[in-house]
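Visitor: Please take me in close on one part of this model, a pair of packed helices. Then carry on to a few single residues worth a look.

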Amino acid sequence: MFQAPFRAGIHIMDHQLTPLAKALALPRANLFIADDVGLGKTIEAGLVVQELLLRQRVDTILVVCPPSVALQWRDEMRARFGLLFEIHDRNFVARRRAERGFSVNPWATHSRFIISYQTLRRPEYLESLLQHLGDRARRSLLILDEAHTAAPASGSKYAVDSALTRVIRDHVAPRFENRLFLSATPHNGHSNSFAALLEILDPQRFTRGIPVTDPAQLAPVMVRRLKSDLGALNSTAFPTRIVQRWQLDHAAGRWRWTLASRAASAPADAEHVPPAADLGEAPPAELTLADKLADYAALMEPESGRGRLVFINLQKRLLSSIAAFHRTFEAHCARLEGADAPPRPTQKFLFDQAHGVDDEAVDEADAADAAAGTAHLRDPGEQAATLRAELRALAKAWQHRPDARLRALVHWIQQHQCPAVAIGGAHAAPQADRVWSGRRLIIFTEYADTLRYLRRQLATHLDGTAQAADRIMTFHGGMTDDQRAEVRRAFNSTPADHPVRILLATDAAREGINLQGACADLLHFDIPWNPARLEQRNGRIDRTLQPEPEVRCGYFVYPQRPADAVLDTLVRKVDVIRQELGSVGTVVLDRIEQVLEDGIRPDTAHKLAAATADQAAQQTSKAELESQRTADRLKAEIDRARRTLDASSKIIAFEPEALREVIDIGLKFVGAPPLQRVQVQDDRGDTFDAWAVPALPADWQGTVDTLRPERPRSLPPWEWRKTHPPLPVVFRPPPRLTSPVVHLHLEHPFVRRILARFRAQGFAAHDMGRVSVLADPHRRTPQVVAIGRVSLFGPGATRLHDELLYVGAPWLEAGGPDHGVPDPDDRDTHARLQTLLAERPRPAPAGVAERLRPHAAADFARLWPHVEAEAEARAHDAQQQLEARAHEEQEALRQLLQSQRAALEKQVTQTTLDFGTLPQAERRQIEDDHRHMERRLTQLAQEIQREPAELAELYRVKRARVVPVGLVYLWPEAG
């Protein structure tokens, strides 16, 4: 049975139930969710977390994730599931020590944490965590988001453990009973890397060095679906992605822009190409610079070494913007002129930042690398010196001027966002044209220098329009959590609530952050040479809960610049890979990136074709992972989960309207009026019903704050409360992410407090306590129903079984032998009561409650022995089922371990350590894996004897408990 879907504030999608079903089928929830980008892996993980908490299978939870998504994890868990997670960073540690003393272990102050991979690696955080966990923490869950980060890194032939791999595998993961991994790209083409990652997930099923060749071995612990899979099954609707090619041509001194569009699933020749737009007269500075840089590199560039990297970096930055090129080229020129190389930011500074890589530091590192590499170049000669001077002058002159891409972007903004926007500003435009539409746009770039260039240029060209200063926001590496939250909140709000229309972002925003709430347009100002980033960027808007039927992803192409032909091919290949190859695409994208690491040259297109034709790694990934994506398997899994949800809904019988009525009663206990129905209009003009929350006492202020719009960082709490009243509430998921309402669900803080007050009233006030009287229009004889609850607990108080019991009997006011005696043939009490409740019964006639009050205690005492007898029978049946499951899983584990031992013996026997020409690091990794397999063989002999018995112990009932829940009288409606 599922409980979490009925308690969470989510729109339930069928495919998101499969991970929950698989996790509950496992004795330990070791599960890998490898769904496509945008399918809602965080929501799927949240359902598993909440269900395990409700079943008391976990207490301690640690989420490890990239720093860019830590805030989103915290907010999603709180808003969707009512779960409070702390982000474990320097600020959190400082707060805890200020509150509780310097000697406190911050990990001991809470049970649910989020930490970034970078922070976890640092000894001061890792050592205190390991001290807190001990050898193994009972009822604990480790979640690795972007879990491929912990896999051994790709080598030429054999993947090699990274420092992070060793931290997670050797120190962190073994201390958790349950493990939940999330990654859209779990396989990098190296069999040993995939097996090593799976061993971290479940060391009883997998051993590094042993290929995963049997799909049945992976099926219990892997969930793998792409958008195309679910679309083919008609399980979930996703927006159609439109790929837009922003082509820029220069002729007769003028720039022309052609916007060619096609559906991502359509062939390249199916493009819709409207007439070109005239962007005006301007020199082709970016084309001239590209030609001169190619000539300069031909004279100066060495065949290999650090000097060659200088020109690869210059080419890459010029393809981003003249502004980005100018900084690095200046460092190169200054070094040739005898200046000292600027200091390079340390690797620790670049990659161990609490809030992710600082983009400005990356630009500084590029300039320092260019200067350092320049020292390895030969004497430039007169011709090269002349070219260098021309490049330097042209870059300096154009670094702050609008290039052709800016002109095309301004033209697009004129068409779709604000007609008054123009090169130089909107000062001559009519006032009516200065108003902005609600359409939003995300512009991605790789470099902080380019982002800064875009910010300055757009600020100039937007000047004079309505609220021009508030129309642009930026998202970049190094931003604090509060700054990231403010951008995300603003950009996902309704256009009526916030004026922002353009988000400029570096690749710091490419992972994890949801930006689809009010945006369906995305533009790549430059094309990343790491092609996987292209798809990660697109995934910010092409994802679950995108309200628009289409999303538009654009990129620039200069046909007259030779490098762009390669980049155009790259974009098209990435699009095909995404649709056709699944995770195999990760392997291909890695190969493409390796080709581009050498720069874009005349032979690069040929090398790209060869890289994408390399079948070995693709076949490895397809054989070991993509076997999980057969249509029959996916459909069967979704059907099973759907049936479980249907069965659960009949048992739980939760209705949102019933929750509203309970809240009204709880508000009455507080002394407040009930919720009031109101009409709400969203940003599309659609109206729907919602409910306004009444004014509540002052001590409810903190709880009411959870119903207000998110507080802007710059607004003090008291001002925020004054200017931002509570939003209307709804009891079903709102139609859009931007709907101006709050979804109240069972785990929402407001609901939890109301229910706590409601329960307290039942026990404390002089009413009937846990006794209710309902009018029954279907019966002529009153009936009394006693309700009890039987629970079975295993080791560590884990709840193994939980069930409500209903025992009904006729209630005869005159007494007699049948009064309060259950009919043994009447087994439908529960069904009748649920039917009556579903019909929303009216209270019993006036005076009935007072007549029944004196009899309640005696009636319950009379029925309680029958409840206990029923509980004993149900507990016996449940215990037999648990024993059967324990035996089944015990035997399955024994066979699994024996199979592992056989595979290990075969691998160890057949492996010959012939290293050939492998790099030294890969040789060491093969030797280490071989030694590990030999150790595992010794360990498996002991585990075959020990682990099945320990697994069976998880299902052993240690205690049975029966508690009273309540008493219900069903009174004929007529009297």
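Guide: H14 and H19 lie oblique to each other. Why oblique? Helix H14 (residues 322-336) and helix H19 (residues 448-462) pack at an angle of about 135°. Angles under 35 degrees count as roughly parallel, over 145 as roughly antiparallel, 65 to 115 as roughly perpendicular, and the rest as oblique. The two axes are 7 Å apart. Axes here are lines fitted to C-alpha atoms, for helices over the stretch in contact, and angles run from 0 to 180 degrees between N-to-C directions. Helices (H or I, at least four residues) and strands (E, at least two) are DSSP runs, numbered from the N terminus.

A word on the source. This is a predicted model, in which local features need pLDDT of at least 70, side-chain atom pairs count only at pLDDT 80 or more, and totals for chains, interfaces and linings use all residues. Residues are numbered from 1 along each chain as its sequence is written, and side-chain values use heavy atoms, with hydrogens and water left out.

Back to the pair. H14 passes H19 in a right-handed crossing; that means the near helix is turned clockwise from the far one by less than a right angle, while anticlockwise is left-handed. On the H14 side, Ala-323, Ala-324 and Arg-327 meet Asp-449, Thr-450, Arg-452 and Tyr-453 of H19. Contact means heavy atoms within 4.5 Å.

Next, a charged residue. Arg-489 is in helix H20 (residues 481-492). Arg-489 is buried, yet has no salt bridge. Buried means under 20% relative accessible area, exposed over 50%, partly exposed in between (1.4 Å probe, protein chains only). A salt bridge needs a side-chain nitrogen of Lys or Arg within 4 Å of a carboxyl oxygen of Asp or Glu. The nearest side chain of opposite charge, Glu-486, is 4.4 Å away. Lys and Arg count as positive, Asp and Glu as negative; His and the chain ends are not counted. Beyond four places in sequence, Arg-489 contacts His-498, Glu-710, Arg-711 and Pro-712.

Leu-503 belongs to strand E13 (residues 502-505). At 0% relative accessibility, Leu-503 counts as buried. Leaving out residues up to four places away in sequence, its contacts include Leu-441, Met-473, Val-487 and Phe-491.

Last, a backbone detail. Most residues other than glycine have a negative phi. Gln-56 is not a glycine, but has a positive phi of about 60°. Gln-56 sits in the loop between helix H3 (41-54) and strand E2 (60-65). At 26% relative accessibility, Gln-56 is partly exposed.
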